[in-house]
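Student: I've just opened this one and I'm new to it. Could you walk me through it with some questions and answers?

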Amino acid sequence: MYAKQLRFLIPLLSLLSALAVSSLIMVLADRDPLMIFGKMFHATFGSSYGTGQVVFRMTTLLLVGLAAAIPFQVRLFNIGAEGQLLMGAFAAAMTGAMLPATIPSFLAIPLCLFSAMAAGAGWALLAGALKVQFGVNEVIGTIMLNFIAQAITGYLLTYHFALPSTVHTAPIATAATISTFDKVTGWFANAPANLSTLLAIGLALLLWIMLFRSRFGYEMRAAGLQPDAARYGGINAGVQSLTAMGIGGAVAGLGAANIVLGYKHYYEAGMSDGIGFTGIAVALLAGAHPLWIILSALFFGFLEYGGLTVNSWIPKDIFMIIEAMTIILVISFTALGKRFS
Amino acid sequence: MAVAVRLSAVSKKFGSFAANNNISLSVEEGTIHAIVGENGAGKSTLTKMIYGMHRPTSGELSIKEKAVRFTSPREAIKAGIGMVHQHFMLIPELSVAENIILGHEECGLFRPLPLERAKALIRKEAEAYGLAVDPDAPVATLSIGQQQRVEILKLLFRHAEIMIFDEPTAVLTPSETERLFITLRALRDRGKSIILITHKLDEVLAVADTVSVMRKGEIVATMPGSSATKEELAQMMVGRSVLLSVTNPAATPGEILLAINNLSYRTTRGELKVQSLSLNVRAGEIYGIAGVEGNGQSELLQTLWGLAPEGTIISGTATLKGVSIIGKRPGDIALMGISCIPEDRLLHAVITEYTVSENLLFGRHREHSFHRGIGFNGHAIKHYAEEMITDYAIRCSSPGSQSLGSLSGGNQQKVVFAREMNRPGISLLILAQPTRGVDIGAIETIHNKIIEARHTGMAILLVSSELEEIIALSTRIGCIYKGAIRHEFSQEEVELKRVAEHEFQKEIGLHIT
């Protein structure tokens, strides 16, 4: 079918065009793009450490990508994954730090993850409730809540929970940490990639099944596609909006599994580094499809870490140009495709 | 007399659908020419072609005997055509004078606006046409009738000679309507040519010099307003040339299932759409509601399916087997044993992006038989879909992967029918315009299924604007007019009169206008 082919072609074409244009920029800046891309590949997928770094970034990106994609099924734009991730990470770190030293892992990890999800979901639901109850545009709601989340976590960290002369909280209980692949399987030597990657991929699969194989997703997608018809069919569009936002926020909060439980083991100022916003791009490139988001997150993870590795030859900002351009092209090509079919 | 607008064999196709088919029409200068027809008859498409919003697929349009080919409304406006849309094109925050000059400022980019000229026009024309408004008032503070006057002033400011009014009275109170007619006559007397789109027949008779009736994209008749009668126009609007051949054996109605008593429906804007409507439907009968659209049918249906917008005031009762329906939500109403086929299939009954199978589930997706574990039971759904497809002769190749939007209108409607008629345990079936936009073959299938459902003892409420359908199927007929059942034909009467269908249509026409 024509439409199916377009779904593959459009992202691919956008990606290639973006790479071509950025190569041109590199040439204009008097750099050899082939050399730079070569070095980039070598430093990422060419070494087990580099691959581990990409996988580590991919994991958070996958989660925040899903956080944007699920609300998108009901036509809501969740721009708030950043704030939801911050709240989740902070909640997980606090829970982890408060656990007694004797607690077993099978309790400690779920407790931390649960508090991360609850914090993220609560933050997203606030925007959802504002939308459903008062008609506050969710884009504005989530963006504003990002600022508030930043301020709250910043205040709590600085004035109450930061260890003296540091910008991070006390470390979480050892039982609450998630091991790196290096420790468990010996993969990705010394890289921060940890077992929460499996959790994230499992979650993407689960959400895919829920969205496309269950009544839950059937109702949610119907409410997004044709809200009037959904009402006729006995589906409450408001409830669907809240559920989608809640799930999105919970998934964003789960990013804490990767960055807090799996990597830093505490909450640190600026640890999310705007990755929540990249999640929107991850979801857009994948057409908000949970399974495609895995690939899309991998690609963005590659650009993010790869950019760092070649920073001494070309500013890593060039890769932000590639990211942004890919998204703009995906959207434009999709509109063009619709016009011609 | 000179001809202001002439259409010669004009057609407009959207895909394979002909919204306007081979239309020839002349609007004479200095007359009010009304075009009547039901929703979807093609009136809007016709006016949009004259106003340059649509380009004709074939045929020729000429303005004042000069052939034209408009590519945009801008060109139509230049040629002296103006349009008052049903939904006003005004900017509420700006004043009357500012709205009047909008898009026709005729001054340099950084020069002062010709507001004085607009104000002078208002002063000059207000008296002559009965268009008094305060030029400095923000449009948001005006009543609907006054806003319409601003729209007319806009046309005068642009020197429009040909004015198109799209359902101008739909939003007006009776006294505002009277006033509008005075304005229309004054405009005509000063040589303007007016095209009036409406489906309200009283208005046509009150104000039109010439009337054209449209049906299914064609002009079926044009006559002088003075010689037209309401009954004749109504019959031409809703009558059908297609022969409906459904055998309708005598019904044996049982107990009353649906009882509606003194039902009234007042919108948030205070309009009374249904007033003291009472009717009941028995088991094993089809109660047909005949009427011209816009007489409260939609609001009655909304009430019965729990979709009245928030803030609507509903009084009176509607019960199924003694249990009240009013105030319940669609899902709960379905659980009471009610099934509903809505007026607007595409908007309400289907998700076009979903597959045929998924649509066969829509609204029934909570039924246990379709589930297994956390997901759907693919096997059960496949089996059910195949059964429905054979039973209702739905033409589709692969129900599990083909999107509903790719089916023809008739087959889409069959999907909706199959789904709604097979709900377990239903006792009341509400059918609104069941065969609208459906091809003749599908109509026959659907009609036979309706009679079949009646035999099983269901109570059926049928709302249709097609008299032929009402007469062919109904056990009893209620004529709805201005939100109330104005006349009811008993079972004996219907069975007796069905034989002389043409006469019966005329008689019903009398009660619905």
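**Getting to know chain B**

Tutor: Sure, and keep in mind that this is a predicted model. Let's begin with an open sheet in chain B, where four strands line up as E2-E1-E4-E5 with antiparallel pairing. Its twist averages 25° from one strand to the next.

Student: Which are the edge strands of that sheet?

Tutor: Look for strands that pair on one side only. In the order E2-E1-E4-E5 of chain B, those are strand E2 (17-28) and strand E5 (66-68).

Student: And in E2(B), what is the bridge partner of Val5(B)?

Tutor: Strand E1 (residues 3-14) of chain B runs antiparallel to E2(B), and eight bridges join them. Among these two strands' residues, the one in E2(B) that partners Val5(B) is Val27(B).

Student: What about the open sheet of six strands: what order does it have?

Tutor: This sheet is also in chain B, and its pairing is mixed. Strand E16 (338-341) and strand E22 (484-489) sit at the edges, each pairing on one side only. The order is E16-E19-E20-E13-E21-E22.

Student: Which residue in E19(B) stands opposite Ile338(B)?

Tutor: E16(B) pairs with strand E19 (residues 428-432) of chain B in the parallel sense, over four bridges. Opposite Ile338(B) in E19(B) you'll find Leu428(B).

Student: Helix H18 of chain B packs on the sheet too, but which strands does it touch?

Tutor: H18 covers residues 501-511 of chain B, and its direction makes about 40° with that of E21(B). The strands it touches in chain B are E13, E21 and E22.

Student: Are helices H4 and H5 of chain B roughly parallel or roughly perpendicular?

Tutor: The axes of H4 (residues 115-129) and H5 (residues 144-157) of chain B come within 11 Å and cross at roughly 110°. Angles of 65 to 115 degrees count as roughly perpendicular. So H4(B) and H5(B) are roughly perpendicular.

Student: By class, how many nonpolar residues are in that contact of H4(B) with H5(B)?

Tutor: H4(B) brings Ala118(B), Leu121(B), Ile122(B) and Glu125(B), while H5(B) brings Leu153(B), Leu156(B) and Phe157(B). There are no polar residues and one charged residue, and the nonpolar count is six.

Student: In the hairpin of E11(B) and E12(B), which residue takes a positive phi?

Tutor: Strands E11 (residues 256-266) and E12 (residues 272-282) of chain B pair in the antiparallel sense over seven bridges. Five residues lie between the strands. The one with a positive phi near 90° is Gly270(B).

Student: How far apart are the C-alpha centres of domain 1 and domain 3 of chain B?

Tutor: The domain assignment puts domain 1 at 3-238 and domain 3 at 352-424, with domain 2 made of 253-337 + 429-513. The C-alpha centres of domains 1 and 3 of chain B are apart by 44 Å.

Student: How many residues of chain B are in contact with chain A?

Tutor: Helix H10 (330-335), helix H11 (345-349) and strand E18 (375-376) of chain B each supply at least two residues to that side. By class, the side has eleven nonpolar, six polar and three charged residues. On chain A, 15 residues take part, and on chain B the number is 20.

Student: Last one: is Pro330(B) buried or exposed?

Tutor: Pro330(B) lies in helix H10 of chain B, and its contacts include Arg231(A), Tyr232(A) and Trp305(B). A residue needs 20 or more other C-beta atoms within 10 Å to count as buried. Pro330(B) has 21, so it is buried.

Terms used. Residues numbered from 1 in each chain as written. Chains lettered and ligands numbered in written order. Predicted model: local features only at pLDDT ≥ 70, side-chain atom pairs only at ≥ 80, totals over all residues. Pairing = 2+ DSSP bridges. Contact = placed C-beta atoms within 7 Å. Axes fitted to C-alpha atoms, helices over the stretch in contact; angles between N-to-C directions. Parallel < 35°, antiparallel > 145°, perpendicular 65-115°, else oblique. Nonpolar A, V, L, I, M, F, W, Y, C, P; charged D, E, K, R; others polar. Domains from an automatic or database assignment. Buried ≥ 20, exposed ≤ 12 C-beta atoms within 10 Å, placed from the backbone. Lists of a residue's contacts leave out its neighbours within four places in sequence.
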